[in-house]
Amino acid sequence: MTALLLHFTKLPAAAQAHFLELLNHYLFASPRRRSQLRRHWHLRAPADDERDDA
């Protein structure tokens with residue numbers, strides 16, 4: 001979790017705002033919508049070997 005927070009602090013302000021907007025949409029979504037969002041994110045996420053170490 002700490003690595004994620006450190007990565008977030010390195011993002012430009014616009015990217016931080018976009019992330020927070022997506023997070024808020026998730027937090028206030030219904031359980032069904034949350035499941036849909038997670039499936040969508042898994043489809044768009046890079047493979048483990050494509051991720052950087054940030």
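Helices here are DSSP runs of at least four residues, numbered from the N terminus. With that in hand, the predicted model is easy to lay out: the protein has 3 helices and 0 strands, and its elements run α-α-α from the N terminus on. Of the 54 residues, just 6% count as buried. The accessible surface adds up to about 5000 Å², and 60% of that belongs to carbon and sulfur atoms.

Helix α1 is a handy place to start. T9 has its place in this helix, and the T9 side chain has a polar atom sitting 2.6 Å from the backbone oxygen of L6. T9 also counts as exposed, because its relative accessibility of 53% is over the 50% cut-off.

Next come the aromatic rings, which make up 2 pairs in the structure. One of them brings together F8 and F19, whose ring centres are 5.5 Å apart; their planes meet at 55°, so this pair is tilted. The partners come from distant parts of the chain, 11 residues apart: F8 belongs to helix α1 (residues 2–10), while F19 belongs to helix α2 (residues 13–27). F19 is partly exposed, since its relative accessible area of 36% falls between the 20% and 50% limits.

Another aromatic pair is made by Y26 and W41, and this one is tilted as well, with 5.4 Å from centre to centre and 45° between the planes. Again the pair links distant parts of the chain, as Y26 sits in helix α2 and W41 in helix α3 (residues 31–44), 15 residues apart. How do the two partners fare for exposure, buried or partly exposed? Y26 is buried, because its relative accessible area of 15% is under 20%. W41, at 34%, is partly exposed. The ring of Y26 has a further neighbour: R34 lies over its face, 4.7 Å from the ring centre. Y26 is thus a meeting point in the model, paired with W41 and covered on a face by R34.

Back on helix α2, F19 turns up once more, this time on the surface. Which residues form a nonpolar patch there with F19? The other members are L20, L23, L27 and F28, and together with F19 they offer about 500 Å² of accessible area. F19 therefore has two roles to keep in view: as the helix α2 partner of F8 in a tilted ring pair, and as part of this nonpolar surface patch.

Taken together, the ring pairs tie the helices to one another in sequence order: F8 and F19 link helix α1 with helix α2, and Y26 and W41 link helix α2 with helix α3.

Definitions and conventions
Residues numbered from 1 in each chain as written. Predicted model: local features only at pLDDT ≥ 70, side-chain atom pairs only at ≥ 80, totals over all residues. Heavy atoms only, no water. Phe/Tyr/Trp six-rings, centres within 6.5 Å; stacked < 30°, edge-to-face > 60°. Buried < 20%, exposed > 50% of the residue type's maximum accessible area, 1.4 Å probe, protein only. Lys NZ or Arg CZ within 6 Å of the ring centre and 35° of its normal. Polar contact = N/O pair within 3.5 Å; in protein donor to acceptor, adjacent residues only side chain to side chain. Areas by Shrake-Rupley, 256 points an atom, 1.4 Å probe, with all protein chains shown as cover. Patch = residues over 30% accessible without salt bridge, like charges linked within 9 Å, V, L, I, M, F, W, Y side chains within 5 Å. Salt bridge = Lys/Arg side-chain N within 4 Å of Asp/Glu carboxyl O.
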